[in-house]
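Trainee: Could we go through this one together before I head back to the bench?
Mentor: Gladly; ask whatever you like as we go.

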Amino acid sequence: MKSIKFFKIGIIFCILWSCKEENKVEIESAKIPVEVTIERFDRIFADVTPENIESVKEEYPFFFPKKFDDSIWLTKVKDTIQLEINEEVEKKYNDFSEEKVQIRSLLQHIKYYFPEVTVPRVITITSDVDYQRKVILADNLLIISLDTYLGAEHHFYDGIQAYLKRNFKRDQIIPDIAEMYAKQLVELPRNRTFLANLIYYGKELYLKNLFLPDFSEAHKIGYTEEQYAWAEANEEEVWRYFIEKQLLFSTEAELSPRFIYPGPFSKFYLEQIDQEAPDRIGQYIGWKIVSSYMENNNVSLRQLLVADAETIFNTSKYKPAR
């Protein structure tokens, strides 16, 4: 009975300590000065005329390649498809104030862990539904394509695979931004093993988890709540499959499309499981391994980022949830 009592006390202590650390992060990150201005280039471009195009080009030269004549842009402004895109974006994003607050909070959390990160120039655009580049982070510019976040059922996305357009929704903007920052902070895998790829994406998701304390785990990985529940319930089975098939140190190219990259589902080549398993289950497993590594080792966040996959795996003490 005494051992059970001490066990319960230990659990309570861990919970209280975890809450204390979370509160510390929230309090300290909220003090970090971050000023965010949203530049609505989608609106600015919609109002381009022969009279003001030069001034717009001076302000946003990166959107106007010099090889294109002004007539190209002036024609595009009046294009019927562009006009419809403008109308649909304006209906959905007449007010972007909530996202502005969320971006500010996200940047505060990022700067809490990585003070050297600078506050970017935040610009919203339309991109002819270029869903492969929904968010761009480069040269201290954060560019958000609003026409790729109109809702999964929007008619603009007819013909796009369901697993892709599932996350073409407004509440995915902030997780997508967090992902771009995580990608800049995490080094690419040093080798081609399946394990190296698991750990690479595990590091990304671990950072996203820190950057987005107010978002659900499902949201952070881009799953529905049902998909995340499946991953939790079947974590042990998935891990057993990886071990029994000796996949961890395999360099077979097909493993990433099967278990790591976006798709309609993860491919175990087992009929029942393939009908139920969400895509990118390898990313989920990688996240759990990295989280276990951080819980069981006294290492800093920066040490995590430079640690190799085998070191992380061998010292993680990872055991899948039963």
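**A lysine, two backbone angles and a helix**

Mentor: Let me start with lysine 165, which touches Ala152, Tyr157 and Ile160 when residues up to four places away in sequence are not counted; please keep in mind that the model is predicted.

Trainee: Where is lysine 165 found?

Mentor: Lysine 165 belongs to helix H7, which covers residues 162-165.

Trainee: And which side chain of opposite charge is nearest to it?

Mentor: That is aspartate 158, at 4.8 Å, and lysine 165 has no salt bridge although it is buried. The cut-off for a salt bridge is 4 Å, so a distance of 4.8 Å does not qualify.

Trainee: Switching to the backbone, what is odd about asparagine 140?

Mentor: Its phi is positive, about 60°, although asparagine 140 is not a glycine, whereas most residues other than glycine have a negative phi. Asparagine 140 sits in the loop between strand E3 (135-138) and strand E4 (141-145), and it is partly exposed, with a relative accessible area of 38%.

Trainee: What about arginine 280, is it buried or exposed?

Mentor: Arginine 280 is buried, at a relative accessible area of 8%. Its phi is also positive, near 60°, and the residue lies in the loop between helix H14 (271-276) and H15.

Trainee: How many residues of H15 are buried, then?

Mentor: Of its 16 residues, 13 are buried, so H15 is mostly covered. The helix runs over residues 281-296 and reaches 23 Å from its first C-alpha to its last, close to the expected 22 Å.

Note on methods
Residues numbered from 1 in each chain as written. Predicted model: local features only at pLDDT ≥ 70, side-chain atom pairs only at ≥ 80, totals over all residues. Heavy atoms only, no water. Helix = DSSP H or I, 4+ residues; strand = E, 2+ residues; numbered from the N terminus. Expected span 1.5 Å × (residues − 1). Buried < 20%, exposed > 50% of the residue type's maximum accessible area, 1.4 Å probe, protein only. Lys, Arg positive; Asp, Glu negative; His and termini not counted. Contact = heavy atoms within 4.5 Å.
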